[in-house]
Amino acid sequence: MSLAAVAWLFFVGVIVQVFLAGVGLFELTDWSAHRDLGWGLGSAPILILAMAVPARLERRTIWLIVGLTVVAIVQPELAAARKVAPVVAALHPVNALALFWLAWMVARRATDEARRIEPGRPRTPAAPASAMSPAEPSA
Amino acid sequence: MARALREVGLARLGFVVGAWLFVACIVVQVFLVGLDVFATLGGSVHRDFAYLYGWLAPILVLLSAAARASPRTRALTLVLLVLFAAQTVLPSLRDEFPPLAALHSVNALAIFGLAIVVARRATEGIRPDPATTGP
C-alpha cells in the first residue's frame, strides 16, 4: 500500500474517531469504541513516518509527518490526564483539530508527491507558490 | 498603517481579520467542549459561546463580497455559513435522529477545515503580487 493511501486511510480514521466521540457525547453508546480506535490511531503515524523517510519526500512533508506523529501520540495521553489535570485533558478535542488538519495536509502532500515522483527517476522540485494566482490559491 | 490600509482595502483586511477570528473562535469553542467533558464546566457555556461568535459567519459572507474575493472563495464562505447553521440544528435532533445529532462533532471538523481554507484564501488576497513588488 502506498504512503498516500495510508495517509488518506489515517485521515478517514480521524473522521470516524470524531464521529465516535459524537456518538459518545450524545449517549448513543458508551465511549469504548472511541477509546479502542484511539489507541490504534495513536501509533499509526509512526507507520506513515517509517514509509515517508525512504520515499524521499520534501523536507516540509517529513516535518508535517513528524508533527502528526507527535500530536497523535499525545492525543490519548491528554484524555488519560482527566483525573490529575482536567483542564489539560480538555485540550483533547483541540488537539483533535490539529490532528485532523495535519492528517489532511500530509495526505494531500503525499498524494501530490506520489504524482510527481516516479519510481527510478529523480525528484522534480515542487511548483513555486508564486505560480498560483493570489485570487485562486490552493485550498 | 494608513498607507497599508489604503493599499489593501478595508474590506479585504476585515475579511482576513474576521476569517482568522472565526478560526480562533472555533478552537475556543472546541476547548469549551473539552472543559464540559473533562472538567464539568457545563454545556451551556459551549452553546452560549456559539451564539456569541456565530454572527461572524454571515458577516464573512458579506465581507467576501465587499472584498471582491474570487467566486470560489465567496462560494466557500457561503458553504461555511450553511455548515455553521446546520451545526446549531444538529444537537436538537438528539431525540428524533440520534445518529444525525452525533454528526455535530464531524461537522465541527468540516467547519474548522473550511474556515482555515477561507482564512488562507482571504490572506492570499491581500498578499502583494511578487511579480509587481521588488525583493
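## Exercises on a two-chain model

A:Arg56 sits in the loop between α2 (32-52) and α3 (59-80) of chain A; helices (H or I, at least four residues) are DSSP runs, numbered from the N terminus. The model is predicted: local features need pLDDT of at least 70, side-chain atom pairs count only at pLDDT 80 or more, and totals for chains, interfaces and linings use all residues. Residues are numbered from 1 along each chain as its sequence is written, and chains are lettered from A in the order in which they are written.

**Exercise 1.** Find the sign of phi at A:Arg56, then decide whether the residue is buried or exposed.

*Solution.* Start with the backbone. Phi of A:Arg56 is positive, about 55°, although the residue is not a glycine. Next, count neighbours. A residue is buried with 20 or more other C-beta atoms within 10 Å of its own, exposed with 12 or fewer, and partly exposed in between; C-beta atoms are placed from the backbone. A:Arg56 has 11 C-beta neighbours inside 10 Å, so it counts as exposed.

**Exercise 2.** Locate B:Arg68 and classify its exposure.

*Solution.* B:Arg68 lies in the loop between α4 (56-66) and α5 (71-89) of chain B. Its phi is positive too, near 55°, and it is not glycine. With 14 other C-beta atoms within 10 Å, B:Arg68 is partly exposed.

**Exercise 3.** Describe the side of chain B that touches chain A.

*Solution.* Take the contact (C-beta atoms, placed from the backbone, within 7 Å). Chain B gives 31 residues and chain A gives 28 residues. In chain B, α2 (10-39) and α6 (98-126) each supply at least two residues of this side. The largest share, 17 residues, comes from α6(B).

Key. Contact = placed C-beta atoms within 7 Å.
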